[in-house]
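These are my notebook entries from a session with one structure. I recorded what I looked up, in the order in which I looked.

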Amino acid sequence: MNLRDRRVAVVCRLDDESEVDLNELVELCKTAGYEVTHTLVQRRPPHPRYNIGPGRLKELKTAVERHGISKVIFDNEIKPQQEYNVAKELGVEVSTRLKLILEVFSLHASSAEAKLQIKLAELKYELSRAKERVRLAKLGEQPGFHGLGAYEADIYYREIARRINHVSKKLEEVSRRKQLMRFKREESGIPTVALAGYTNAGKSTLFNYLTGGAAEVSPKPFTTLSTRRRLSRIRGRPVYVTDTVGFIKNVPTLLISAFHSTLQEVAYSNLILLLVDSSEPNQTILEKLNVSLMTLRRVGVVNTPLVVVLNKIDLVDRDRLAEIESIIPKAYTTVAISALEGTNVERLEELILRTLDVFLTFEAKLKATHEVMRVLNELHSAGRVYEVKYDGDEVVIRADAPHALAERVRKMCESGNFRVVESALKSAT
Ligand SMILES: Nc1nc2c(ncn2[C@@H]2O[C@H](COP(=O)(O)OP(=O)(O)O)[C@@H](O)[C@H]2O)c(=O)[nH]1
Ligand SMILES: [Mg+2]
C-alpha cells in the first residue's frame, strides 16, 4: 500500500447550527491508517445532486488534486446517488463514517465470529443502498447508474440478499461452536492485559509504551496496524498486551453486533485497563465510563479484574486530578498516568503484575537432562529466570513462571527439591 493512497479528506455537512466535532472521525481515520489532509464543513440543506453545494465540491476537487487525496469520507449520511455523483466529479472513492468504522473493526477482529459479523454488516449496508439503486434504475432517473440497468440492478440486489443469507447461516454455525472455543484459549499460561476505552483515550499510545513499540512508529501506517496484540515484558515477566477496538460515540445500529463481537476479545483477558481521557469534563468522563462498563458487561466481562487508568495527566493540574479521582466510583482501582510522557507508568506496571498475580517464584534442583534444558528454555520465554547454577550433573534454577509451568517443574523434581520463594516483585514493594 502506497502512503499516498492513505491520504483522505473528511467532509461534514450539517442542516443546522449545531456544533461540529470532527475529532472522533479524524481519530478513526488515523486508527485505520489514513492521514487527513483536508477538512470541509458546510452548513446548508443537502444539495440534491452532491449533498454538499457545487461551490464546495469545486473546492474539494482542488484539494484532492493538490494533496493527492485518494478518498473522501463523509461524516453525515449521503445518498448512494450523491455518493456516485461526487465520486464521478472528483475521480476518487467516496466513503462514509459507517464504512470507516467497519474498517477499524476489521483491523481488530480476531475471531471468526467477529469477521462474519463485520461481513454481515457490510452486506446489509450494501443491500440498503442497492434498494435505492434498483428504485432509481426502474425510474430511469439514473440511466447507467453504476453501469446498471433495471434488470441488472435487480440481479445485483438479489445477489447481495443471497450472500446475506449465506453469511447468516455460517454465523449460526460459528456461534454454536463458540462455547468450545472459549476453553481453547491461550494454554501457555502467559496472562493477557487488554486496553479498552473510547477512541482517542490513548490506548495505542499506552500499547506502544508498554510493548516498547518505538520501532513500530515508522512512516508506514500499516506496520502499526498489523499487530494489535504483542508479547511484552513487564519488569521481565511476559505478558500479552492487546490494543482492543475503541468505543465509539453513537455506533450506528447496523454495526452494534459487529462491534460487540469484535470487542469480545476483552472477555478473554486476565486484566482490563480501561483508559479515560482526564482532559475531558467531569460529565463526559463519567458518561464514557458508564457506557464502557455497561458495554463490557454486555460482551461477557463479568469477573475480570479492571483498573481505571486516568490518562493524559500532563494536561491537568494537581487539583483537577484530585477532583477526577473523587468522582470515579470507589469500587474501582484507579491509577493516573501520562502514556505520552511515560509519567507514572511504572506504578501502573506494578499494579498490572500485582493484579495478575499468576506468576510463582520458585527454586528447583533437578538433574540436568535434555528435558530439563527444554523446560529451562520455556522458562526463559514464558517466565523470568533469576539464576541458573550448575552443580555436577544437577542444576539449580530460581525463576518466576506462570503457575502451570511452575507446576510442571515441580513434577520433575524429587520431593524436597522444589520450593516456592517470596516473589521478587512482592518483596520489592
Ligand atoms: N497530552 C497527552 N496526549 C496523549 C496522551 N496519550 C495519548 N495522547 C494523544 O491522544 C491522541 C489519541 O491517542 P491514541 O493512542 O491514538 O488513542 P486511541 O484512539 O485510544 O488509540 C493522540 O494524539 C495521542 O498523541 C497523554 O498521556 N497525554
Ligand atoms: Mg488506537
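Entry 1: Lys288 and Glu280. I looked up this pair and found a salt bridge between the two side chains, at 3.1 Å from N to O. The model is a predicted one, and I read the distance accordingly. I then checked the exposure of the lysine: Lys288 has a relative accessible area of 15%, so I entered this residue as buried, the limit for that class being under 20%. I also noted the total for the structure, which holds 26 salt bridges.

Entry 2: Glu350 and its partners. I turned next to Arg235, which forms a salt bridge with Glu350; their closest N and O atoms are 3.8 Å apart. Which parts does this pair tie together? I located Arg235 in the loop between β6 (229-234) and β7 (237-243), and Glu350 in helix α12 (residues 345-356), so the salt bridge links parts that are 115 residues apart in sequence. I recorded Arg235 as partly exposed, because its relative accessibility is 28%. Glu350, at 17% relative accessibility, I recorded as buried.

I then examined Arg354, whose side chain meets that of Glu350 in a salt bridge of 2.8 Å, N to O. Arg354 and Glu350 are four residues apart in helix α12, so about one helical turn separates them. For Arg354 I noted a relative accessibility of 43%, which means that this arginine counts as partly exposed. While on this subject I also listed a network: Glu24, Asp75 and Arg97 are joined into one by salt bridges that share partners.

Entry 3: Ligand 1. How many residues surround ligand 1? I found 16, of which the closest are Asn200, Lys203, Ser204, Thr205 and Asp314. I sorted the shell by class and obtained five nonpolar, seven polar and four charged residues. Helix α7 (residues 203-210) supplies the largest share of this shell, with three residues.

I next looked up individual contacts to oxygen atoms of the ligand. A polar backbone atom of Gly202 is 3.0 Å from an oxygen atom of ligand 1. From the side chains, I noted a polar atom of Asn311 at 3.1 Å from a ligand oxygen, and a polar atom of Ser338 that also lies 3.1 Å from an oxygen atom of ligand 1. I then consulted the areas: ligand 1 taken alone exposes 580 Å², and the protein buries 80% of that.

Entry 4: His38. Is His38 buried or exposed? I found a relative accessible area of 16% and therefore entered His38 as buried. This histidine lies in strand β2, which covers residues 35-43. I listed what His38 touches, leaving aside residues up to four places away in sequence: Val8, Ala9, Val10, Glu59, Leu60, Ala63, His67 and Ile69.

Entry 5: Arg158. I placed Arg158 in helix α6, residues 150-182. Its relative accessibility is 53%, so I counted Arg158 as exposed, the class that begins over 50%. Finally, I looked up the separation of Arg158 from Leu127: the two residues are 31 apart along the chain, and their C-alpha atoms are separated by 8.9 Å.

Technical notes
Residues numbered from 1 in each chain as written. Chains lettered and ligands numbered in written order. Predicted model: local features only at pLDDT ≥ 70, side-chain atom pairs only at ≥ 80, totals over all residues. Heavy atoms only, no water. Helix = DSSP H or I, 4+ residues; strand = E, 2+ residues; numbered from the N terminus. Buried < 20%, exposed > 50% of the residue type's maximum accessible area, 1.4 Å probe, protein only. Contact = heavy atoms within 4.5 Å. Near = heavy atom within 4 Å. Polar contact = N/O pair within 3.5 Å; in protein donor to acceptor, adjacent residues only side chain to side chain. Areas by Shrake-Rupley, 256 points an atom, 1.4 Å probe, with all protein chains shown as cover. Nonpolar A, V, L, I, M, F, W, Y, C, P; charged D, E, K, R; others polar. Salt bridge = Lys/Arg side-chain N within 4 Å of Asp/Glu carboxyl O.
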